[in-house]
Amino acid sequence: MTDIAIRNVSKIFGGNWKAALAMTKDGADKAEILAKTGCSVGLDDVSLDIAGSRIFVIMGLSGSGKSTLVRHINRLIEPTSGEILVGGSNVLDLRAKDLRDFRNRRVSMVFQNFGLMPHRTVMQNVVYGQRVRGLSKAEANPIGMQWIETVGLAGYENKMPHQLSGGMKQRIVIAMALAADPELIVADEPTTALDVTIQAQIIQIMVEAARARGLALMLITHDMGVVAQAADRVAVLYAGRLVEADRVGPIFGQPRHPYTRDLIACIPREGQAPGTLRGIPGSVPGVFNYPAGCRFHPRCREAQGLCAAEVPPLRQEGPRAVACHFPNGAAHG
Ligand code: SF4
């Protein structure tokens with residue numbers, strides 16, 4: 001099982017990043033950093049340990065920094081500071097050839113709008129990773145066929161991508177990721193663009209394959225149903241910061257961050273009366289508009305005076321990490 005450790009990763013957008021990074025370490029708030037350096041902070045000192053967990057879900061609404069974070073894992077985005085360890089390798093130390101190798105052999109990425117190679121058949125797309133590794137067509141094609149069958153598209157191996165529906169293309173992208181036999185698959189909202197009837201099927205295929213092959217699967221989603229169905233462990237991001245992380249059962253049973261509580265309250269319950277679903281007021285701030293203090297405070301139903309003034313540190317209590325001044329409610333803060 002692959003262990004992944006993301007240690008103190010920050011991503012600063014803008015030319016004067018050294019000054020901005022120094023200011024984040026001195027505890028300056030984002031408005032001050034933007035005013036003085038012209039830089040914005042996309043990710044702020046995010047640490048995650050994914051050891052011992054096969055299915056890890058990062059959740060949060062659009063704009064929370066989920067996609068920015070996972071693109072650091074194979075350096076599609078270079079971090080401004082921090083460390084990323086995948087199965088013992090420090091990804092940031094890899095030189096060009098080793099990085100290419102790492103991307104081809106060890107980590108497969110599945111993106112929502114991942115483009116298949118349009119001039120290659122389904123089979124040629126699926127076995128691409130194996131062919132890059134040096135397998136002959138005769139060696140690679142049976143592996144490809146196994147995964148094409150697993151995703152339910154036997155008979156389509158000689159079709160071209162333009163002959164497939166959106167859902168079929170996404171299944172082929174997943175077959176491609178699995179056929180490459182990686183240690184880790186990172187899937188960024190892999191089913192969002194698809195019909196709801198096949199979303200669950202596709203997640204199920206990925207989860208079963210990951211468990212059967214002992215590979216790690218990192219799923220990024222804002223779909224709480226997917227989280228409940230698939231995750232071993234969950235991290236919740238809000239506006240570029242990690243706000244809570246733990247195993248899925250305790251997170252759902254006893255969420256301690258108000259944002260996590262609100263996300264869980266957004267899940268429709270069986271028999272719930274129409275119009276009674278609670279939403280989260282306001283929207284996630286843009287990267288140039290993060291508020292001072294706790295970034296969730298303008299939307300938080302439990303905010304107190306301290307929340308607008310001071311950034312809540314991420315505290316580790318056993319397996320739970322939570323960044324809130326009042327994780328037990330303001331009355332118990
Ligand atoms: Fe709400 Fe304050 Fe906790 Fe932020 S620190 S989540 S504003 S209670």
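This section describes the sheet, a helix pair and the ligand surroundings in a predicted model.

The model contains an open sheet of 8 strands with mixed pairing, ordered β6-β7-β8-β3-β9-β10-β12-β11. The edges are occupied by β6 (107-111) and β11 (315-317); each has a single partner strand, so one side of each is left without a neighbour in the sheet. From one strand to the next, the twist averages 15°.

Within this sheet, β9 (residues 233-238) pairs with β10 (residues 241-247) in the antiparallel sense, over 6 bridges. Ala235 has Ala245 in β10 as its bridge partner. Helix α12 (residues 258-265) packs on the sheet and touches β3 (55-59), β9 and β10. The direction of α12 makes about 110° with that of β9.

A helix pair is formed by α1 (residues 17-25) and α2 (residues 30-37), whose axes come within 10 Å and cross at roughly 155°. Angles over 145 degrees count as roughly antiparallel, and α1 and α2 are therefore roughly antiparallel to each other. Their crossing is right-handed. On the α1 side the contact is made by Ala19, Ala20, Met23 and Thr24, and on the α2 side by Ile33, Lys36 and Thr37. By class, the residues of this contact divide into 4 nonpolar, 2 polar and 1 charged.

The ligand is surrounded by 13 residues, of which Cys294, His297, Cys300, Cys307 and Cys324 come nearest. The shell around the ligand comprises 9 nonpolar, 3 polar and 1 charged residues.

Terms used:
Residues numbered from 1 in each chain as written. Predicted model: local features only at pLDDT ≥ 70, side-chain atom pairs only at ≥ 80, totals over all residues. Pairing = 2+ DSSP bridges. Helix = DSSP H or I, 4+ residues; strand = E, 2+ residues; numbered from the N terminus. Axes fitted to C-alpha atoms, helices over the stretch in contact; angles between N-to-C directions. Contact = placed C-beta atoms within 7 Å. Near = placed C-beta within 6 Å. Nonpolar A, V, L, I, M, F, W, Y, C, P; charged D, E, K, R; others polar. Parallel < 35°, antiparallel > 145°, perpendicular 65-115°, else oblique. Left-handed = near helix turned anticlockwise from the far one by under 90°.
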